[in-house]
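Grab a pencil and open the viewer. Try each exercise yourself before you read its solution.

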Amino acid sequence: MSAYINAVKYCSYKLMNCTNFEAYIKTFPKKYEDMCTKGTSEKDMMAYSSMYGKTKLVIAILEQSLVPTHIV
């Protein structure tokens with residue numbers, strides 16, 4: 001259930017025109033904080049956010065949310 005809620009949050013941020021990275025940071029602030037503490041490069045963090053944006057659940061939610069906009 002938490003995976004679904006996180007995916008919905010991420011998709012909501014994406015629909016508000018946030019980048020993958022911005023949406024990832026807002027959805028997972030603790031993970032972002034941990035990565036900063038560990039010294040993870042911004043390039044790697046952006047790769048993680050991009051990979052999350054390509055997960056099956058996120059893609060399915062985005063597809064469903066874009067249908068009404070496409071019809072209009």
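The exercises below work through a predicted model, from one helix to the core.

**Exercise 1. Work out how the span of H1 compares with the expected one, and which side its buried residues take.**

Step 1. Start with the length: H1 has 14 residues, and its first and last C-alpha atoms are 20 Å apart. At 1.5 Å a residue you would expect 20 Å, and the helix comes close to that.

Step 2. Now pick out the buried residues of H1, which are Ala-7, Tyr-10 and Cys-11. They cover an arc of only 100 degrees around the axis, so they sit on the same side of H1.

Step 3. Here's the general idea behind this: an α-helix has 3.6 residues a turn, so residues three or four places apart point the same way.

**Exercise 2. Find the loop that holds Asn-17 and decide whether this residue is buried or exposed.**

Step 1. Go to the loop between helix H1 (2-15) and helix H2 (20-27); Asn-17 is in there.

Step 2. Check the backbone angle: the phi of Asn-17 is near 70 degrees, which is a positive value in a residue that isn't glycine.

Step 3. Exposed means over 50% relative accessible area. Asn-17 has a relative accessibility of 72%, so it counts as exposed.

**Exercise 3. Classify the aromatic pair of Tyr-10 and Tyr-52, then the pair of Tyr-24 and Phe-28.**

Step 1. You'll need two numbers, because a pair of aromatic rings is described by the distance of the centres and the angle of the planes.

Step 2. The structure holds five aromatic pairs. In one of them, Tyr-10 and Tyr-52 have ring centres 5.0 Å apart and planes at 80 degrees; planes over 60 degrees apart count as edge-to-face, so that is what this pair is.

Step 3. Look at where the two rings come from: Tyr-10 belongs to helix H1 and Tyr-52 to helix H4 (residues 42-53), so the pair links parts of the chain 42 residues apart. Both Tyr-10 and Tyr-52 are buried.

Step 4. Tyr-24 and Phe-28 also have 5.0 Å from centre to centre, but with 50 degrees between the planes this pair is tilted. Tyr-24 is buried at 8% relative accessibility, and Phe-28 is buried at 9%.

Step 5. Put it together: ring pairs join Tyr-10, Tyr-24, Phe-28 and Tyr-52 into a cluster. Lys-31 lies over the face of Phe-28, 4.4 Å from the ring centre.

**Exercise 4. Which residues touch the most other members of the largest nonpolar core, and which helices supply it?**

Step 1. The core has 14 residues, and those that touch the most other members are Ala-7, Tyr-10, Cys-11, Tyr-24, Tyr-52 and Val-58.

Step 2. Helices H1, H2, H4 and H5 (56-71) each supply at least two residues of this core.

Step 3. Zoom in on Cys-11: leaving out residues up to four places away in sequence, Cys-11 touches Val-58, Ile-61 and Leu-62.

**Exercise 5. Decide whether Met-45 is buried or exposed, and list its contacts beyond four places in sequence.**

Step 1. Find Met-45 in helix H4.

Step 2. Buried means under 20% relative accessible area. Met-45 has 5%, so it is buried.

Step 3. Setting aside neighbours within four places in sequence, Met-45 is in contact with Phe-21, Tyr-32, Met-35, Cys-36 and Thr-40.

Note on methods: Residues numbered from 1 in each chain as written. Predicted model: local features only at pLDDT ≥ 70, side-chain atom pairs only at ≥ 80, totals over all residues. Heavy atoms only, no water. Helix = DSSP H or I, 4+ residues; strand = E, 2+ residues; numbered from the N terminus. Buried < 20%, exposed > 50% of the residue type's maximum accessible area, 1.4 Å probe, protein only. Expected span 1.5 Å × (residues − 1). Arc of directions from axis to C-beta. Phe/Tyr/Trp six-rings, centres within 6.5 Å; stacked < 30°, edge-to-face > 60°. Lys NZ or Arg CZ within 6 Å of the ring centre and 35° of its normal. Core = buried A, V, L, I, M, F, W, Y, C linked by side-chain atoms within 4.5 Å. Contact = heavy atoms within 4.5 Å.
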